[in-house]
Amino acid sequence: MEATRRRSLGERMMGAALLRPAVYEEVEADRDATGQAALVVGIVAVAAAIGGTSAGGPGFFTGLIAAYLGWLIWSGITYIVGDKLLGGTATWGELLRTVGFAQSPGVLYILGFIPFLGGIVAFIVWIWLIIAVVIAIRQALDFGTGKAILTAVIGFIGYLILVAIVGWLIGVRPTMA
């Protein structure tokens, strides 16, 4: 039997962006892919900064740190919800890898600076990312799409609550425009 060739970072990002479950399965199983997943998160954060899709948001380095913290926290919450509450089978590392690669379509945020088109692209990428994250969660936790969507929704609500609490504790208050 011939050994399966390990895909490059670019091939994995393309496969993840094309929503190919086999790629998510591959990065889930490859413990060495955690560094690659972290690189994907960083690449997307840089693309968003260059494209200006985080305009009015945090500075470049703050945005990069926020991207990594968000990835770690989101993966942890989805692990707890999916594995511990909904009966999936995954480790936090498996979710880190799959959710990290699910960010791959976000490289298109770099087009955000283009007048009119940039906003449309950013919206399409946002929807694309939601779909990719659901597939990533489904593949990592080894359950159906319905449970993956439920995990994503509950996890996102938990994430927002946690971010609000931390923001409140460190003195960041929402402003009324």
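This briefing covers the helices of a predicted model, their packing, and a few individual residues. The protein chain has seven helices and zero strands, and along the sequence the pattern reads α-α-α-α-α-α-α. Of its 177 residues, 41% are buried. Among contacts with a separation of 6 or more, 70% join residues that are 24 or more positions apart.

**Helix α4**

- Helix α4 covers residues 60–85.
- With 26 residues at 1.5 Å a residue, α4 should span 38 Å, and the 36 Å between its end C-alpha atoms agrees with that.
- The buried residues of α4 are G70, W71, W74, S75, G76, I77, T78, Y79, V81, G82 and D83.
- These buried residues pack against four helices, namely α3 (34–51), α5, α6 and α7 (145–169).
- After α4 comes G87, which has a positive phi near 80°.

**Packing of α4 with α5**

- The axes of α4 and α5 (residues 92–102) come within 9 Å and cross at roughly 125°.
- The pair is therefore oblique, since an angle between 115 and 145 degrees falls outside the perpendicular and antiparallel ranges.
- The crossing of α4 and α5 is right-handed.
- On the α4 side, the contact is made by W71, L72, W74, S75, G76, T78 and Y79.
- On the α5 side, the partners are W92, L95, L96, V99 and G100.
- Sorted by class, the contact of α4 with α5 has eight nonpolar and four polar residues, and no charged ones.

**Packing of α4 with α6**

- Helices α4 and α6 pack at an angle of about 50°, and their axes are 11 Å apart.
- That angle makes α4 oblique to α6, because it lies between the 35 degrees that bounds roughly parallel and the 65 degrees where roughly perpendicular begins.
- The crossing of α4 and α6 is right-handed.
- From α4, the residues in contact are W74, T78, G82 and D83, and from α6 they are V133, I137 and L141.
- By class, the contact of α4 with α6 comprises four nonpolar residues, two polar and one charged.
- W74 and T78 of α4 appear in the contact with α5 and also in the contact with α6, and both are listed among the buried residues of α4.
- G82 and D83, which meet α6, are likewise listed as buried in α4.

**Helix α6 and its residue I124**

- Helix α6 runs over residues 117–141 and has 25 residues.
- From its first C-alpha to its last, α6 reaches 36 Å, close to the 36 Å expected at 1.5 Å a residue.
- I124 is found in α6 and is partly exposed, with a relative accessible area of 48%.
- The value for I124 is 48%, so the residue counts as partly exposed because the exposed class requires over 50%.
- The C-alpha atoms of I124 and P105 are separated by 9.6 Å, and the two residues are 19 residues apart along the chain.

**Residue G93 in α5**

- G93 has its place in helix α5.
- G93 is buried, with a relative accessible area of 19%, because the buried class takes values under 20%.
- G93 and Y79 are 14 residues apart in sequence, and their C-alpha atoms are 9.1 Å apart in space.
- Y79 is one of the buried residues of α4 and one of the α4 residues that meet α5.

**Positive phi outside glycine**

- Most residues other than glycine have a negative phi.
- F116 has a positive phi of about 65° although it is not a glycine.
- F116 lies in the loop between α5 and α6 and is exposed, with a relative accessible area of 72%.
- D142 is also not a glycine, and its phi is positive, near 55°.
- D142 comes just after α6, in the loop between α6 and α7.
- D142 is partly exposed, with a relative accessible area of 46%.

Definitions and conventions:
Residues are numbered from 1 along each chain as its sequence is written. This is a predicted model: local features need pLDDT of at least 70, side-chain atom pairs count only at pLDDT 80 or more; totals for chains, interfaces and linings use all residues. Side-chain values use heavy atoms; hydrogens and water are left out. Helices (H or I, at least four residues) and strands (E, at least two) are DSSP runs, numbered from the N terminus. The expected span of a helix is 1.5 Å times one less than its number of residues. Axes are lines fitted to C-alpha atoms, for helices over the stretch in contact, and angles run from 0 to 180 degrees between N-to-C directions. A crossing is left-handed if the near helix is turned anticlockwise from the far one by less than a right angle, and right-handed if clockwise. Contact means heavy atoms within 4.5 Å. Ala, Val, Leu, Ile, Met, Phe, Trp, Tyr, Cys and Pro count as nonpolar, Asp, Glu, Lys and Arg as charged, and the others, Gly among them, as polar. Buried means under 20% relative accessible area, exposed over 50%, partly exposed in between (1.4 Å probe, protein chains only).
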